[in-house]
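Hi everyone, and thanks for coming. I'd like to walk you through one structure today, at a pace that suits anyone in their first year.

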Amino acid sequence: GSGGGGGVTSMMFNHNGNMLLTGALDGIVRIFDLSSNRPIMAWPACGDTGIAKSPLTCVRFSASETTVVTITNEAVLNEWSLHKPLLPVRTFKIPKEKGGGTSWHQIALDSEGSYFLVSPKGVPPTENSVPIGMGGWGGGTRGRSNVGPLNTPELKLRKRKKERKRGVAYLFSVHEDSPGPIQNIEHGSGEVTAVEWHPTLDVVATGGTRGFTNITTLALQKERKPTQARGLL
């Protein structure tokens with residue numbers, strides 16, 4: 001079936017593999033029945049922002065699979081009930097990062113549906129990416145280049161500042177009244193571009209622009225509420 005206008009950006013199966021959740025550049029959330037290969041649900045993920053077509057960067061089923069969490073490149077993070085998907089159950093606020101550019105957030109949910117982790121501003125790499133101070137990915141020069149604009153003092157200083165900058169990921173709770181994050185998870189140097197949650201433990205992994213992956217054990221103080229049984233899908 002059709003995954004969405006302009007390209008599919010994120011996908012997730014439900015627990016038994018009968019349904020496939022997709023997000024696309026056209027800003028539409030779709031759920032497919034794999035027995036028929038046809039969408040059985042579809043709705044725009046713009047919420048009440050007034051943005052007609054804001055591309056989706058990540059979509060995830062909740063642990064109960066009765067709700068869906070979505071995020072757009074405008075940093076609009078919504079939770080949707082699959083019983084009434086046209087209006088979000090709640091909208092969360094992601095802190096604004098300094099600097100411009102397109103945001104490409106990722107979401108990782110815990111196994112009980114109480115918490116989720118968000119990367120603040122991940123940007124997909126491109127084949128034309130060139131590391132500062134290097135001669136490129138292939139051909140031309142061997143090792144470091146001693147000439148050219150890539151080794152100017154200004155760019156070296158900018159590189160050192162980026163290396164010292166500590167990245168964070170944002171931890172949210174579905175049980176808190178506040179729409180903002182309840183905790184910032186420090187990553188180390190570089191911006192956080194990827195997040196993942198351990199399938200059984202309160203342990204999260206964060207990956208960043210500097211190539212480092214950090215493992216963090218969380219001390220979640222609030223007692224968890226029981227997860228609803230999977231019934232809709």
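Let me begin with a question: does R30 count as buried or exposed? Before I answer, please keep in mind that this is a predicted model. R30 counts as buried, because its relative accessibility is 14% and the cut-off for buried is under 20%.

So what does the side chain of R30 meet in there? The side chain of D26 meets R30 in a salt bridge, with 2.9 Å from N to O. D26 counts as buried too, with a relative accessibility of 14%. As a general point, side chains of opposite charge can pair when their charged atoms come close.

How many salt bridges does a search of the whole structure find? The search finds two. We have met one of them, R30 with D26; the other joins the side chains of R90 and E79, at 2.3 Å from N to O. R90 lies in strand β8, residues 90-93, and E79 lies in strand β7, residues 76-81, so this pair ties together parts that are eleven residues apart in sequence. The two partners sit in their surroundings like this: R90 counts as partly exposed, at 30% relative accessibility, while E79 is buried, at 9%.

Now for a charged residue without such a partner. D33 is in strand β3, which covers residues 28-33. D33 is buried yet has no salt bridge. Where is the nearest side chain of opposite charge to D33? That side chain belongs to R38, and it is 9.2 Å away. If we leave aside neighbours within four places in sequence, D33 is in contact with N18, M19, R38 and I40. You may notice R38 in that list: the two residues do touch, but the 9.2 Å between their side chains is beyond the 4 Å that a salt bridge allows.

Next, let's turn to strand β2, residues 19-24. Six of its six residues are buried, so β2 is largely enclosed by the rest of the structure. In a regular strand the side chains alternate between the two faces of the sheet. Here both faces are covered: M19, L21 and G23 are buried on one side, and L20, T22 and A24 are buried on the other.

Which strands does β2 pair with? On one hand there is β1, residues 8-13, which pairs with β2 in the antiparallel sense over five bridges. Within that pairing, S10 stands opposite G23. β1 and β2 form a hairpin with five residues between them, and in the turn G17 has a positive phi of about 75°. On the other hand there is β3, joined to β2 by five bridges and also antiparallel. There, T22 stands opposite R30, the buried arginine we started with. The hairpin of β2 and β3 has three residues between the strands, and G27 takes a positive phi near 80°.

Let's move on to the nonpolar cores. The largest has 14 residues, and those with the most contacts inside it are I71, L77, I94, I107, F116, V118 and F172. Four strands each supply at least two residues of this core: β6 (67-72), β9 (107-109), β10 (115-118) and β11 (166-173). Which strand gives the largest share? That is β11, with three residues. Apart from this core lies another, of 13 residues, among them M19, V29, W80 and L82. M19 is a residue you have already heard about, as a contact of D33.

Back to F172 for a moment. Leaving aside neighbours within four places in sequence, its contacts include L77, I94, F116 and V118, and those four are also listed among the residues with the most contacts inside the largest core.

Finally, a sheet. Four strands make an open sheet in the order β9-β10-β11-β12, with antiparallel pairing. Which strands are at the edges? They are β9 and β12 (183-189), and each pairs on one side only. Neighbouring strands in this sheet are turned by 25° against each other on average, direction ignored. β9 and β10 are joined by three bridges, and I107 stands opposite V118 in β10.

That's my tour. Thanks for listening, and please ask away!

Note on methods. Residues are numbered from 1 along each chain as its sequence is written. This is a predicted model: local features need pLDDT of at least 70, side-chain atom pairs count only at pLDDT 80 or more; totals for chains, interfaces and linings use all residues. Side-chain values use heavy atoms; hydrogens and water are left out. Buried means under 20% relative accessible area, exposed over 50%, partly exposed in between (1.4 Å probe, protein chains only). Lys and Arg count as positive and Asp and Glu as negative; His and the chain ends are not counted. Contact means heavy atoms within 4.5 Å. A nonpolar core is a set of buried Ala, Val, Leu, Ile, Met, Phe, Trp, Tyr and Cys residues joined through side-chain atoms within 4.5 Å. Two strands pair if DSSP finds at least two bridges between them. Axes are lines fitted to C-alpha atoms, for helices over the stretch in contact, and angles run from 0 to 180 degrees between N-to-C directions.
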